[in-house]
Amino acid sequence: MTLVSGWGRFPVVDTDVLRPRSFAAIGDAVAGASGTVARGNGRAYGDAGIGAIRTVAMTGFDRARWFDPVTGRIRLEAGVLLSDLIDTFGPRGFLPFVVPGTRFVSVGGAIAADVHGKNHHCEGGFGRYVDSLLLRTGQGETIEASREQNSDAFFATVGGMGLTGVILEATIRLRPVATGWIRERVVSTSDLDAAMRALDAGDSATYSVAWIDCVARGSELGRSLIYLGEHAGTGELPHGADAFPVGNDPGLAVPVDLPSITLNRYSIRAFNELYYRMGARRAGESHLVSLFPYFFPLDSVGGWNRIYGRRGFLQHQCVIPEHGARDVLGDILERVTKRGDASFLAVLKKLGQGDGILSFPMPGYTLALDFPMRGDVLKFLDEIDRLVVAAGGRLYLAKDARQSRATFEAGYPALQRFKAIRKSLDPAGKIRSKLSQRLFDEVQP
Amino acid sequence: MTSRKTVLVLGGSSDIARATARAFAKAGYDVQLAGRDAAVLEPDAADLRARYNVEASVWTFDVLDTVSFQDFVSGLPVLPDVVISIVGLLGLQESAQSDLDHATTVMRSNYEGPALILGLFAERFLARGTGSIVGVSSVAGDRGRASNYVYGSAKAGFSAFLSGLRARASRGGVHVVTVKPGFVRTRMTEGMKLIGPLTVEAAVVGEAILNAVQRQTDVVYVSNKWRLVMLIIKALPEAIFKKLKF
């Protein structure tokens, strides 16, 4: 047994970790124990990538099968990391359509969590660009699933948190790009209303996201920097610039767990103030930035999860339906600022409709906050959850480590349909993760 | 297309081989992958074609089957510009102490086979007047250790072979690289206790080999820390060394 945790380092649990070298061996691993789930690069924050008993590590499966440079379609093994795709195919003029805030996630993980990026409001999530996938079900079959073929399995697997089986391969569409540069425009806003208006105004931008200063209070509550972005063409690059910038490996890494005292209301306040001012200075005119800092600001600090110390942290990401969102978000932010120890990166963005049955996105606003794991934070987050549920919202499973069954059930009304499909693919219940045990597996006798 | 260079990777299915093939393909080389079971290599060849738009072919090669070596070399449609031997077998020291078959296999896999096949390529390269030969040896060959001297001694022999070959071949325009990777996170070392700061990913080894060929380096310790570690270990007097639990 090995002690394993997600990126948030809570919870830490015991599981067997297997590293199969062939698809047949993956099949054996799944068949051999009741309670297996596949794990990509371990960037899910909580317990989603940890098997109830056994965890199948997929990063060894990192080959491309074929690539069509005309259409940008590619067939991949599920363990290929998005960073690898970007490094390899970026210089050839293709990028993933959708990337989350880190590039160190696997293709299989990106499908299982139906990850969203800064373009979800207009272009949808990762699953939208999956044409088909090869799935090893709990029943022992290997099936190809697409929108036409085995479509139930397809839509349950996109956003299904690995619970329909092990994703072995996928055919996805890449986005043709002329350069690896983003034309960015920063808008600084003085409060939450202005931030939401700016996001609404940014609906036509390909990429939009807001960073909220969650230390600002009173009339400044919700003051934000809105980052809008478009892919830049070759003609926009300064003379002599490389069309495709290099994404450096994390140069600066956090070598050890920082003592939890490092993060306190004073250091967070100072950081937020500085960050806001620096961003506000850049507001207005658009400028070019490399895709790496634009999409993956935290990737430049290796092991940034250690900033939160040994006990780890909790990420709380909810989505609130558009109608009435202003009041609920204001209420949440007020409680968070009053508490004082939250989040040196709070992110607000608009989402569109999700594609999978259990996909997190719904039309509305999503707010992501992180909290050091200490004190009464669990109780505090339960309080926030009640506001989310009352507003008809839900929490993102890829980042969750602690929501209750009731919160989950209220947020995911399609759960019964998902369970029925899962049952048909895996009648004996071979595929189970710590997350599924916590949130919806029927209690085992 | 005729100006494209070709690299031959012997022992093609290992993690280091995969990473090395990727590094060369990324740099524009066509790749010949050779291993015991060519069919197993086909997905890796497809990966190289898809990623880097290069030619990639697979070939059957068994390092223990030395009688087949001449035919193997003659059978390649293109004499490669670079040949890399990544063949190796760690084996089990304890078994090798009493099981002669196992010891023989370890010795032949790490010394006899790699040395003979690279020797054959050296003759062809010298006749042509160009080429690079890369042997992946090991820091374990720098000094015999109680815990793995069967493997280590074979690597020592291989290192000595490469250094002699380098001295001779350099006069004929052929360059020989000795690579000593140290700890690498691969299938071979899975489950072993590795020292974090001294351990590298296979991709780092692949890049280091490509660099060594491009810069004509003679001996590469993949992590420079290893050069220092082995310098110290080599300098220890035997009287002290034999008492160390190492």
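**Exercise 1. Determine the volume of the largest cavity in this predicted model and describe what lines it.**

Solution. The largest cavity has a volume of about 80 Å³, and a search of the whole structure returns four cavities of 30 Å³ or more. The next step is the lining, which consists of 13 residues, those nearest the centre of the cavity being Leu95(A), Pro96(A), Val99(A), Tyr207(A) and Phe295(A). In terms of secondary structure, strand S7 (94-96) and helix H8 (291-295) of chain A each supply at least two residues of this lining. Sorting the lining of the largest cavity by class gives 10 nonpolar residues, two polar residues and one charged residue.

**Exercise 2. Work out which elements and which classes of residue line the second largest cavity.**

Solution. The second largest cavity holds about 50 Å³ of space. Its lining is made up of Gly12(B), Ala17(B), Arg18(B), Ala21(B), Arg22(B), Leu33(B), Asp44(B), Asp47(B) and Leu48(B). Two or more of these residues come from each of helix H1 (15-26) and helix H2 (38-52) of chain B, and H1(B) gives the largest share, with four residues. By class, the lining of the second largest cavity divides into four nonpolar, one polar and four charged residues.

**Exercise 3. Establish how much area chain A and chain B bury between them, and which three residues of chain A supply the most of that chain's part.**

Solution. Between them the two chains bury about 1,200 Å², and 37% of this area lies on carbon and sulfur atoms. On the side of chain A, Arg21(A), Arg63(A) and Arg92(A) account for 45% of the area which that chain buries against chain B, more than any other three residues. As for the residues involved, chain A brings 13 residues to the contact, while chain B brings 14 residues.

**Exercise 4. Count the polar contacts and salt bridges between the chains, then characterise the side of chain A that touches chain B.**

Solution. Counting residue pairs in polar contact, with both residues at pLDDT 80 or more, gives 11 between chain A and chain B. Strand S5 (64-68) and helix H2 (82-89) of chain A each contribute at least two residues to the side of chain A that touches chain B, and the largest share of that side, four residues, belongs to S5(A). By class, the residues of this side comprise four nonpolar, two polar and seven charged. The salt bridges between the two chains number five; in one of them the side chains of Arg22(B) and Asp62(A) meet at 3.1 Å, N to O. Arg22(B) also appears in the lining of the second largest cavity.

How values were computed. Residues numbered from 1 in each chain as written. Chains lettered and ligands numbered in written order. Predicted model: local features only at pLDDT ≥ 70, side-chain atom pairs only at ≥ 80, totals over all residues. Heavy atoms only, no water. Contact = heavy atoms within 4.5 Å. Buried area = accessible area lost by both parts, 1.4 Å probe. Salt bridge = Lys/Arg side-chain N within 4 Å of Asp/Glu carboxyl O. Polar contact = N/O pair within 3.5 Å; in protein donor to acceptor, adjacent residues only side chain to side chain. Nonpolar A, V, L, I, M, F, W, Y, C, P; charged D, E, K, R; others polar. 1 Å grid on protein atoms, 1.4 Å probe; cavity = no way out; pocket = protein on both sides within 12 Å on 5 of 7 lines; lining within 4 Å. Points joined across faces, edges and corners; volume = space filled by probe spheres on them.
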